[in-house]
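Hello,

Here is the structure I promised to pass on to you. Have a look at it first, and then read on for what turned up.

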Amino acid sequence: MTRNARIALILAAVLVAIGAGVVIGTGGDDKKSGTSASATTTAVASTAGTTTTPAKPAPPPVPTVRLVGGKPVGGVKTLEFKSGQRARFVVTSDQKAQIHLHGYDIEKTVPAGGRATWSFQASGQGVFELESHTTSQVVAKVKVIP
């Protein structure tokens, strides 16, 4: 008998024992309680030679700061990241913008109607301004927490 066949046989025995426990637990007499006792049987499928790996959780959504007329839509957002992890966010703009992340000294040009992606190791803790050097306006705050 193969290993998978033994496992399937054990699972079937466990299911039968559980079903018997349900019937015994209800007293076996459906007239006294006014409800009907039912045992559910479940078929066990053998997957000989197949292994399944748990699915990886979906990555968190990438935050986006959207600029229209040089100003952040919805006001200045705070983007929060954990220290030691990879911080990633996107800036889109309807017009060309020079965007600088203070504290990490990362500067990128966002083309008109385009986008730029920031991706870096969040090592320094605190709140850092994301500033448009085109308009001298803070467009977002990047918060790195412990």
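A word on terms before the tour: helices and strands here are DSSP runs, a helix having at least four residues and a strand at least two, and they are numbered from the N terminus. Please keep in mind that this is a predicted model.

Let me begin with the whole chain. It holds two helices and nine strands. Reading from the N terminus, the order is α-α-β-β-β-β-β-β-β-β-β. The chain has 146 residues, and 22% of them are buried. Its accessible surface is about 9,900 Å², with 57% of that belonging to carbon and sulfur atoms. If you take the contacts between residues at least 6 apart in sequence, 56% of them join residues at least 24 apart.

Next, the sheet. Five strands make up an open sheet with mixed pairing, in the order E3-E9-E8-E5-E6. Strand E3 (77-82) and strand E6 (106-110) are at the edges with a single partner strand each, so each has one side without a neighbour in the sheet. On average, neighbouring strands of this sheet are turned by 20° against each other, direction ignored. Strand E5 (residues 97-101) and E6 run antiparallel and are joined by five bridges. One residue to look up there is Gln98, whose bridge partner in E6 is Thr109.

Two residues are worth a click. Ser132 belongs to strand E8, which covers residues 126-132. Is Ser132 buried or exposed? Its relative accessibility is 2%, and since buried means under 20%, Ser132 counts as buried. A polar atom of the Ser132 side chain lies 3.2 Å from the backbone nitrogen of Thr134, and for the backbone nitrogen of Thr135 the distance to a polar atom of that side chain is 3.1 Å. Beyond its neighbours within four places in sequence, Ser132 is in contact with Gln98, Ile99, Gln137 and Val139.

The other residue is Glu80, which sits in strand E3. With a relative accessibility of 48%, Glu80 counts as partly exposed. Which residues does Glu80 touch, not counting those up to four places away in sequence? They are Lys143 and Ile145. You can also find Pro63 from here: Glu80 and Pro63 are 17 residues apart in sequence, and their C-alpha atoms are 9.4 Å apart in space.

Enjoy exploring the model, and write back with any questions.

Best wishes

How values were computed. Residues numbered from 1 in each chain as written. Predicted model: local features only at pLDDT ≥ 70, side-chain atom pairs only at ≥ 80, totals over all residues. Heavy atoms only, no water. Buried < 20%, exposed > 50% of the residue type's maximum accessible area, 1.4 Å probe, protein only. Contact = heavy atoms within 4.5 Å. Areas by Shrake-Rupley, 256 points an atom, 1.4 Å probe, with all protein chains shown as cover. Pairing = 2+ DSSP bridges. Axes fitted to C-alpha atoms, helices over the stretch in contact; angles between N-to-C directions. Polar contact = N/O pair within 3.5 Å; in protein donor to acceptor, adjacent residues only side chain to side chain.
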